[in-house]
Amino acid sequence: MIITHPYFLWNGVSSENYGIMVSEYPVISRPKERVSQITIPGRSGVLMLPESDLPVYEPVLRTVQCWVRPDADIDAICAWLQGSGSVVFGNEPNRSYDARIINQIDFSKILRGRGFRSFAVPFQCQPYKRLYPPAEDITLTASGMMIHNPGTVPAFPKFTLYGSGTITLITYSGAVVLSGIGNGIVLDWEAQECTSLDGGQLLNDKVDGDPQYLPPGDSVISWTGTVTRLVVTPNWRYI
């Protein structure tokens, strides 16, 4: 795809395909961290308590300002700009956001006697940015191999493990014990769901341990037991 004007991508489709031109991108900003603030009598300031060991952030409303050509199909635009998915803004072409369009979109005429209209698209974005295009899967064939996380925050990967018997999988964040998994298991740590290789059966009861993550930088992944290979879908993230 050759992009020649300011644009955004919604679920892989460019705004240019609909005769839309971007007049203003959303501000590139860091999301607000979610903390509890407690006032203690006799003590200056407040006590700030995070929700968990890893930082938790609020979603961000990112609005892109646009105008549309007179011959554009507004009905088609409205049908396209709905629901949830992935958005890429032209001022951050190598990052994507998980987002949903939930607010009203109004098309206002901007030139008397002509059909040009302006409108704003409000994307309610999850706080983390993802690498775009996504990184390719990484296949590990031996225990003790290293993975490098190029992101700025911990990543919750998806592990597709091919093996059998009782297996202990060890990463930076700890160990999980897998038992009775047949010929393999899918450990989707971001969704916090564990399934059979074909996705047809939930195997959460075969996993003993907390969701695993990979911090920024290098991590060693090791295991004990019978494992033929481990395929890692990285899910690198940025803040």
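**Group meeting: contacts, rings and pockets**

Leaving aside residues up to four places away in sequence, Gln37 is in contact with Val46, Leu47 and Met48. Keep in mind that this is a predicted model. Where does Gln37 lie? Gln37 is part of strand 4, residues 35–38. Is Gln37 buried or exposed? Its relative accessible area is 54%, over the 50% cut-off, so Gln37 counts as exposed. One distance to go with that. From C-alpha to C-alpha, Gln37 and Pro50 are 9.0 Å apart, with their positions 13 residues apart in sequence.

Next, the aromatic rings. How many aromatic pairs does a search of the whole structure find? The search finds 10. I will take two of them, both with Phe123.

Start with Phe8 and Phe123. Their ring centres are 5.7 Å apart, the planes make an angle of 70 degrees, and the pair is edge-to-face. Why does this pair tie together separate parts of the chain? Phe8 belongs to strand 1, residues 8–10, and Phe123 belongs to strand 10, residues 117–131, so the pair joins parts that are 115 residues apart in sequence. How accessible are the two residues? Phe8 has a relative accessible area of 0% and is buried. Phe123 is buried too, at 0%.

Now the other partner. Phe89 and Phe123 also pair: the centres are 5.7 Å apart and the planes are at 75 degrees, so this pair is edge-to-face. Phe89 sits in strand 7, residues 83–89, and Phe123 in strand 10, so the two are linked across 34 residues of sequence. Phe89 has 1% relative accessibility, which makes it buried.

Step back to the cluster. Which residues form one aromatic cluster? The members are Phe8, Trp10, Tyr18, Trp80, Phe89, Tyr97 and Phe123. Phe8, Phe89 and Phe123, the three I have just described, are among them.

Rings also meet charges here. Which ring does the charged end of Arg95 sit over? It is the ring of Tyr238, and the distance to the ring centre is 3.7 Å. Arg229 offers another case. Arg229 lies over the face of Tyr162, 3.8 Å from the ring centre.

On to the pockets. The largest pocket holds about 280 Å³ of space. Its lining has 15 residues, and those closest to the centre are Leu54, Pro55, Tyr128, Phe156 and Arg237. By type, the lining has 10 nonpolar, 3 polar and 2 charged residues.

The second largest pocket holds about 170 Å³. Its lining divides into 6 nonpolar, 4 polar and 1 charged. Which residues line this second largest pocket? They are Ser86, Ser96, Arg130, Leu131, Tyr132, Pro134, Ala135, Thr233, Pro234, Asn235 and Trp236. Let me follow three of these: Ser96, Tyr132 and Asn235.

Ser96 comes from strand 8, residues 95–101. Its relative accessible area is 5%, under the 20% cut-off, so Ser96 is buried. Which residues does Ser96 touch, not counting residues up to four places away in sequence? The contacts are Ser86, Val87, Val88, Tyr128, Lys129, Arg130, Leu131 and Tyr132. Ser86, Arg130, Leu131 and Tyr132 appear both among these contacts and in the lining of the second largest pocket. Tyr128, another contact of Ser96, is one of the residues closest to the centre of the largest pocket.

Now Tyr132. What joins Tyr132 and Pro133? A cis peptide bond does, with omega at about -10 degrees. Pro133 is in the loop between strand 10 and strand 11, which spans 138–140.

Then Asn235. Its phi is positive, about 60 degrees, and Asn235 is not a glycine. Asn235 sits in the loop that runs between strand 18 (217–233) and strand 19 (237–238). With a relative accessible area of 22%, Asn235 is partly exposed.

A last backbone point, on Gln192. Gln192 is a residue other than glycine with a positive phi, near 55 degrees. Where is Gln192 found? Look in the loop between strand 15 (184–188) and strand 16 (193–195). Gln192 counts as exposed, at 54% relative accessibility.

To sum up. Phe123 makes edge-to-face pairs with Phe8 and with Phe89. Ser96 is buried and helps to line the second largest pocket. Asn235 lines that pocket as well, with a positive phi.

Technical notes. Residues are numbered from 1 along each chain as its sequence is written. This is a predicted model: local features need pLDDT of at least 70, side-chain atom pairs count only at pLDDT 80 or more; totals for chains, interfaces and linings use all residues. Side-chain values use heavy atoms; hydrogens and water are left out. On a 1 Å grid over the protein atoms alone, a cavity is a set of points where a 1.4 Å probe fits but cannot get out, and a pocket is an open set with protein on both sides within 12 Å along at least five of seven lines; lining residues have an atom within 4 Å of a point. Grid points are joined across faces, edges and corners, and a volume is the space filled by probe spheres set on the points. Ala, Val, Leu, Ile, Met, Phe, Trp, Tyr, Cys and Pro count as nonpolar, Asp, Glu, Lys and Arg as charged, and the others, Gly among them, as polar. Rings of Phe, Tyr and Trp (its six-membered ring) pair if their centres lie within 6.5 Å; planes under 30 degrees apart count as stacked, over 60 as edge-to-face and the rest as tilted. Helices (H or I, at least four residues) and strands (E, at least two) are DSSP runs, numbered from the N terminus. Buried means under 20% relative accessible area, exposed over 50%, partly exposed in between (1.4 Å probe, protein chains only). A charge sits over a ring if NZ of Lys or CZ of Arg is within 6 Å of the ring centre and within 35 degrees of the ring normal. Contact means heavy atoms within 4.5 Å.
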